[in-house]
Amino acid sequence: LPPDILKAKQLPSVTFRVAAASSSSAALHRRAPRRHSPATVSVGHEGAARFPQGPCSGAMASRNPPLVTHVDPDAPPGRKAPDIGNRSTMGTSCVDDTDLEDVKASKDRDMPSHLLMLPNIQNQSLLSGFAYCIASCSMILVNKFVLSGYGFNAGIFLMIYQNIVSVTIVSALSLSGVIPTEPLTWKLIKVWLPVNIIFVGMLITSMFSLKYINVAMLTILKNVANVLTASGETYFFKKQHDRQVWISLMLMIISAIAGGITDLSFHAVGYTWQILNCFLTASYSLTLRHVMDSAKQATKSGNLNELSMVLLNNVLSLPLGIILVLGFNEVEYLLETPLLRMPMFWLVITASGVLGLAISFTSMWFLRQTSATTYSLVGSLNKIPLSIAGILLFKVRTSMENSISILLGLLAGVFFARAKLRNNSQS
């Protein structure tokens, strides 16, 4: 182009290959606006994507914001953050404090096309958050109803049945091509077996403690697992946490001790199982972080998404669960109890298995529609209505001192989520 046109248009320094050298200057001038339409993205020396100015540049920038956030490239889309509370035990990964809506376009390209066929709903963020809260609250309340309301004394069998329901649903969806899962190979199973043993112990101790402890106190006592996990990260992985994180963890310990002292329905067996569950939960998170890279290398695709972890954990838990059923002599109880001859009881425990899987699906959906900050805060705030519902539905006797301890623990959980996200964003 003539020098005066180049100076007037201030085109970026990009070399174009022109097929027809004999084209006239006027023809090239007519093509130039088409080659440099507002939809073109130019990259400057800083490496940040920017949109050229033009009549539609403002609208284009609003529809396609610059991709300036940083996301772990190894983490598959829709994964959730584990160290912001123990909301699900099906699978965990680390998610930084990023707004996932900014990287929605790049994530859509990475996700299989059949997973993007979501219904055209106006406010999916609100709906997905509501579904996640309902699933996570209902799972605990239904389990509590089965163990305490029905008086079912075979917690290991309940875990096995729930895992069979999850395996059946995930396998059916995977075979029909609705969701992607990694094939289970002996190499992957050998790498994952230590994690699965801890996973089974975590589920069983959770069942045993839930039978004796009310839901509100159980929620507060589970915060102790966050303390153990943060301490393990500092000791084993040399991860530094700021002062606000440690303050919130200290408040969790104080609320757990005060809640246990003022608990009118204190049960030593239930508290013992729950303390063991906290150690196993922290061990699961730390071990998962240690073996995740080896597990990814053992897969054919080089990645391991959450649904694959759900399938892997639940399949491997079945033979170990059967051994534990025999070891804890639950077979004799199962043969004698009249509950297994009640269709309504089977419907309830089947619903508990579906809800366990629904937590994984809804959490991935919610995290995909919103930011990691919103996801973690909703997960922490969700414990408040869960605690209230547990007290009201099961008519738990409580005192003012115990209620204050529970409230302190719930607020400490919210404060911990905020401090953890701030610490991750700064690091």
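**Rings, charges and cysteines in a predicted model**

Biologist: How exposed is Asn329?
Modeller: The relative accessible area of Asn329 is 46%. Buried means under 20%, exposed over 50%, and partly exposed in between (1.4 Å probe, protein chains only). So Asn329 is partly exposed.

Biologist: What kind of model is this, and from which number does residue numbering start?
Modeller: The model is predicted: local features need pLDDT of at least 70, side-chain atom pairs count only at pLDDT 80 or more, and totals for chains, interfaces and linings use all residues. Side-chain values use heavy atoms, without hydrogens and water, and along each chain, as its sequence is written, residues are numbered from 1.

Biologist: Where does Asn329 lie, and what is its phi?
Modeller: Asn329 is in the loop between helix 12 (306-327) and helix 13 (330-336). Helices (H or I, at least four residues) and strands (E, at least two) are DSSP runs, numbered from the N terminus. Most residues other than glycine have a negative phi. Asn329 is not a glycine, yet its phi is positive, at about 60 degrees.

Biologist: Which ring does Lys238 lie over?
Modeller: Lys238 belongs to the loop between helix 9 (223-236) and helix 10 (243-262). With a relative accessible area of 62%, Lys238 is exposed. A charge sits over a ring if NZ of Lys or CZ of Arg is within 6 Å of the ring centre and within 35 degrees of the ring normal. At 5.9 Å from the ring centre, Lys238 lies over the face of Tyr235.

Biologist: How far is the charged end of Arg289 from the centre of the ring it sits over?
Modeller: The ring belongs to Phe237. The charged end of Arg289 sits over that ring, and its distance from the centre is 4.3 Å.

Biologist: Why is the pair of Tyr132 and Tyr375 stacked, tilted or edge-to-face?
Modeller: Rings of Phe, Tyr and Trp (its six-membered ring) pair if their centres lie within 6.5 Å; planes under 30 degrees apart count as stacked, over 60 as edge-to-face and the rest as tilted. A search of the whole structure finds 15 such aromatic pairs. The centres of Tyr132 and Tyr375 are 5.5 Å apart and their planes are at 35 degrees, so the pair is tilted.

Biologist: How many residues apart in sequence are the parts that this pair ties together?
Modeller: Tyr132 is buried, at 1% relative accessibility. Tyr375 is buried at 2%. Tyr132 lies in helix 5 (residues 124-149) and Tyr375 in helix 15 (residues 372-381), so the separation in sequence is 243 residues.

Biologist: How many disulfides are there, and which cysteine sulfur is nearest to that of Cys133?
Modeller: A disulfide is a pair of cysteine sulfur atoms within 2.5 Å. The count comes to zero disulfides. Cys133 is in none, and the nearest cysteine sulfur, 6.4 Å away, is that of Cys137.
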